[in-house]
Amino acid sequence: MLILNNTIKEEFFKVYNEVVDSEGNIKACGRENCIRLIEMCRSIDIYNHFGDIKTGRLNISAVTRLYKEISNS
């Protein structure tokens, strides 16, 4: 179980919602936003692969799994 302060949670949800729609699909939001989400995921969980920082390509299943874990914490 993750223990995060509310500021980190709020920032994560903000960035996540800029990149992922309500159906779990990646929005056409630009590479920079995807990279920001990957970096944020990595700062929270260093053990999983959330995507490629150079290309912005997301591992959406890992990102979504982290989103659900944070939502339930």
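Begin by selecting G51, which is buried at a relative accessible area of 2%; buried denotes under 20% relative accessible area, exposed over 50%, and partly exposed the range in between, with a 1.4 Å probe and protein chains only. The model is a predicted one, in which local features need pLDDT of at least 70 and side-chain atom pairs count only at pLDDT 80 or more, while totals for chains, interfaces and linings use all residues. Residues are numbered from 1 along each chain as its sequence is written, and side-chain values use heavy atoms, with hydrogens and water left out.

**G51 and its surroundings**

G51 belongs to the loop between helix 2 and helix 3. Helices here are DSSP runs of H or I with at least four residues, strands are runs of E with at least two, and both are numbered from the N terminus. Next, add I38, R42, R57, L58 and N59 to the selection: these are in contact with G51 once neighbours within four places in sequence are left aside. Contact means heavy atoms within 4.5 Å. A distance label between the C-alpha atoms of G51 and E39 should read 9.0 Å, for two residues 12 apart along the chain.

**The whole chain**

Now zoom out and colour by secondary structure. The protein has three helices and zero strands, and the pattern along the sequence is α-α-α. The C-alpha trace spans about 30 × 25 × 20 Å along its principal axes. The radius of gyration of the protein is 11 Å, which agrees with the value near 11 Å for a compact globule of 73 residues; the radius is taken over C-alpha atoms, and the globule rule is 2.2 Å times the number of residues to the power 0.38. Of the 73 residues, 34% count as buried. Among contacts with a separation of 6 or more, 42% come from residues 24 or more positions apart.

**Helix 1 against helix 2**

Select residues 6-19 for helix 1 and residues 31-44 for helix 2; the two pack at an angle of about 145°, with their axes 9 Å apart. The axes are lines fitted to C-alpha atoms, for helices over the stretch in contact, and angles run from 0 to 180 degrees between N-to-C directions. Show side chains for I8, E11, F12, V15, Y16, E18 and V19 in helix 1, which meet N33, C34, R36, L37, M40, C41 and I44 in helix 2. The residues of this contact divide into 10 nonpolar, one polar and three charged. In this classification Ala, Val, Leu, Ile, Met, Phe, Trp, Tyr, Cys and Pro are nonpolar, Asp, Glu, Lys and Arg are charged, and the others, Gly among them, are polar.

**The loop between helix 1 and helix 2**

Two stops follow in this loop. V20 is found there and counts as buried, at 3% relative accessibility. Beyond four places in sequence, V20 touches N25, K27, L37 and I60. The C-alpha atoms of V20 and I60 are separated by 8.9 Å, with their positions 40 residues apart along the chain. G30 also lies in the loop between helix 1 and helix 2, but is partly exposed, with a relative accessible area of 40%. Between G30 and E18, 12 residues apart in sequence, the C-alpha to C-alpha distance is 9.9 Å.

**The cysteines**

Display the cysteine sulfur atoms. How many disulfides are there? The count comes to zero, where a disulfide is a pair of cysteine sulfur atoms within 2.5 Å. C29 is in no disulfide, and the nearest cysteine sulfur, that of C34, is 4.0 Å away. C41 is likewise in no disulfide, with the sulfur of C34 as the nearest cysteine sulfur at 11 Å. C41 counts as buried, at 0% relative accessibility.

**A last stop in helix 3**

Finally, select A62 in helix 3, residues 60-71. A62 counts as buried at 4% relative accessibility. Apart from residues up to four places away in sequence, A62 touches H49 and F50. A distance label from A62 to C34, 28 residues apart in sequence, should give 13 Å, C-alpha to C-alpha.
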